[in-house]
Every structure is written in structure tokens, then in C-alpha cells.
Amino acid sequence: MSSASPTSGAAEAGQGTRRSNLPSLTGLRFFAALLVFFFHTSLSNSPIPPNDPINPFADEDIATTYEKLLLNTGYIGVSFFFVLSGFVLAWSSRPGQRMTAFWRRRVTKLFPNHLVVFAASLVLFAGSAIASVGHWLPNLFMVHSFFPQPDVNLSMNPPSWSLSSELLFYLLFPLLIVPIRRIREGALWAWAAAMVAGTVLVQLVSMHLVPATPKSAITPISDMQFWFGYLFPPGRLFEFVLGVLLARIVLAGRWPGWATTPFALLLTALGYGAGFMVPFEYTFVVATIVPIGALIGAVAVSDSRGDRSWLSSRTMVWLGEVSFGFYLVQGVTIFYLRSLMDGATYGVPGSLLVIAGFFAVSLAGGALLHHYVEMPAMRRFGRSRKEMRELADAGRPSVTRTATGTIGEPAVPAQGVRSPEPGAGKPGNPTAPVP
């Protein structure tokens, strides 16, 4: 039994398909970034030298409990972003889009924010985070996660390791979407299951074929196993492709009616609990990949029906829009501000105030990045002049002179160029063309 979907399978393949906005998914993005934030506030040691404690609680039992409870939140948040990336790109993709235009918009989306936070790290952590050119140069070009050395893949701004994976996803998407569009609808769920199996395979290789020594200073496994099982971008492709397949499943009307948002939330809670009982490597992705996919699909189906929820409210949509900036700055914010405290710890009220302060500064920094770096960069560099002219021509009324005067008629879109969809470019529309 399938739930209602925005399009039929036949319509999905058509170039003229109009797809609904996904405001609730935009709002949900903020909670993924928030999970990563809480993970970083719970760390016993900063990943940036001199590795001061981050967890602010003075009571050892409370500090340990806080750290254990939030041990897996960062892994869930990042995995959610990777699946969501594939889902949203597939949802908004149309046959005939230029690869160069796609790459231009996605690179413009990533690099300006990254460069600003990179510069901030350069200033704030000079002498500790930057040991040599070989450590920071790969980070500058967002290829640092391809290196197994911790002082490279976690250099400068540690949360930026995930940008290496996102960059790989963006480079491969125009090539991957072509064969994925050719998968018959009846085989989509089998391919989705294969992607889930792929995440298990990555960890099996990490556990049994990757050297288990020397042990990592911050995890119970070796640095090499942590890199291969968590940081190495090709290993994260299974999550991204799963997101692409889930978008096709929803668009084809093959999402099961019983897989609702409440069901997905329950599954997510069970997956999080399972993370405390499975081998450590399985907490990265395996324990929660099915719940994450279920949650994204269920919320997308709800959005496509036009259901309203608090996740689609103006406040939540705004928080979702600034979540990328919030994610990028919170590491630098937490690690730098905590270093100024010289390792001081506090009682429960004081610790909660410290965490609230970290949140406020990180959110403000993320909002500034979004409004004054990300969006201006997208407006200025997200499209070439040729694309802007084509879009203008597509939406400009043609003028025909007759004996009775001037008649304005809608212009026929140029070959291969689409008229903007309803809601395109509005806040909270992750499927809209980038300005």
C-alpha cells in the first residue's frame, strides 16, 4: 500500500513535473545540526591542541553521564545531512540540467562559508591548529578527509571534515542521477536496501581489514579505523545514494502508508538506543541509517501532501536555513571559547549557562554567515551571466506589435530552460533553484 505522492511514476520522469516544497525537512535540518552541537559540548578533550576538556560539568558523574548520553548524537546528525543531501538534490533535479551549472551552484554554496570559518580558525588557533602547510592546505581545498592522518583530516575547523564528503557528492551527483533515473520503480527498494548493506560492509572492512593499532586518543578504535569507517568520503557515498533513491521512491508514490513520521521518530529512538549496544563502529551509520531514511521519507511525504506542522513554521524554516552556517561555526566557537576558560569546570547551573552561551554565539555566527556570506555569494556567483539572461528571457513577456497597439504574451521558455516553479527561490524551499 502506498501513500499519496506528489506525482506518479510517469509524471516523475517528465521534465515538466512540479514538485512541492519541503519546509518541514528544512526545519528538521536544524535539529541535525543541534545534535552535532551537543555532541561537541560533551567532549572530554578538544580535538584542537592543547586538547583541553570541553565538557564544562565539575561533577565527574554528571560529566560522564552527559558525555555518554550524547556520545552518538554527532554521528546521527552528520548521517542525516548526508542522506538529506542526496534526497534534496534528487527531488529538485530535472533532466537536461547542465552539469557545469549544477557544479557552479554547489561549489558556491560550500566554499564562501568554509573560507570565512577557515580564516577565523587561522587567526584564533594560530600556532596550535596549524603545524605545517601540509596540514592546513588540504583543508583549504576541502580534500582533507581523504588523508588518514588526524592532524590533516581534523585540522583547522574539525567539523569541516564533512565538507570533503559533500564536495564528492556534488561532483558525482550529475553522473549518478542518470543511471538512477533508469532504475525501474519496482526495483527501487531493493537498491535502497543495497545501500544500507553498503554501510555495513564499510564497517566490516574497517573492523577486520584496517589496522587496529595504534589506538586513537579520542575513540576506542584506531585512528586508521576511525578515518576509514567515519571520515573517508567514498565510504559515505552509500548514505548519499540512499537519499537519492528515497527521493525517487517518494516521487514514484511507493512510500508505504504505515511509515509515518511518528513511526519514523520511534524507529529513530530505537536506533539511537541500539547504538549503545552494538560495536562502536556501527554507531557511526549502521545503527541509525534505516531510521534516518524513514524519517526523511515520511516528512517529505507529509510536506508533499501540504500538511502543516511546527517544523514548517517560519521560525523553524529560518533555523533550518542557517543550520549550515551554525554547523560550521559551532566547532570553532565551542573549542575557542572553552580554551579561554583554562579548563575551568562549573556546577550544573553554571555549566548550563556555558552551554547556552556557546549555543547563542554559534547561532548568531551561523546567521551572520548565512545572511552576509552565503546568500550574497549565491546571488553574485551562483549563476553565470548566460544563465541569468536565459532565466530573464524565460520569464519576460514577449511583445508583439499589432494594428491596435502592443500585446504582451508570455514568452516561450528558451530550449532547455524552465520557467521558475511556484515558490522557487523563497525561504524554506530547499528544492528551489539557488539564487
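**Exercise 1. Salt bridges.** How many salt bridges does the structure hold, and which residue pairs with Lys-109?

*Solution.* This is a predicted model, and the structure holds four salt bridges. Start with the general idea: side chains of opposite charge can pair when their charged atoms come close. Next, look at Lys-109, whose partner is Glu-374, with the closest N and O atoms 2.3 Å apart. Now place the two residues: Lys-109 sits in helix α5 and Glu-374 in helix α16 (residues 348-381), so this pair ties together parts 265 residues apart in sequence. Finally, check accessibility: Glu-374 has a value of 1% and therefore counts as buried.

**Exercise 2. A pair between loops.** Find the partner of Arg-254 and decide whether each residue is buried or partly exposed.

*Solution.* Arg-254 forms a salt bridge with Glu-185, and their closest N and O atoms are 3.5 Å apart. Arg-254 belongs to the loop between α11 (237-251) and α12 (261-274), while Glu-185 belongs to the loop between α8 (161-181) and α9 (188-208), 69 residues apart. With a relative accessible area of 36%, Arg-254 is partly exposed. Glu-185 is also partly exposed, at 22%.

For another pair, try Glu-239 and Arg-236: their side chains meet in a salt bridge at 2.6 Å, N to O, and both residues are buried.

**Exercise 3. The buried side of α6.** Which residues of helix α6 (residues 133-140) are buried, and why do they lie on the same side?

*Solution.* First list them: His-135, Pro-138 and Asn-139. They cover an arc of only 105° around the axis, which puts them on the same side of α6. Then find their neighbours: the buried residues of α6 pack against α5 (99-124) and α7 (150-153). Last, step past the helix to Met-142, which follows α6 and has a positive phi, near 60°.

Key: Residues numbered from 1 in each chain as written. Predicted model: local features only at pLDDT ≥ 70, side-chain atom pairs only at ≥ 80, totals over all residues. Heavy atoms only, no water. Buried < 20%, exposed > 50% of the residue type's maximum accessible area, 1.4 Å probe, protein only. Helix = DSSP H or I, 4+ residues; strand = E, 2+ residues; numbered from the N terminus. Arc of directions from axis to C-beta. Contact = heavy atoms within 4.5 Å.
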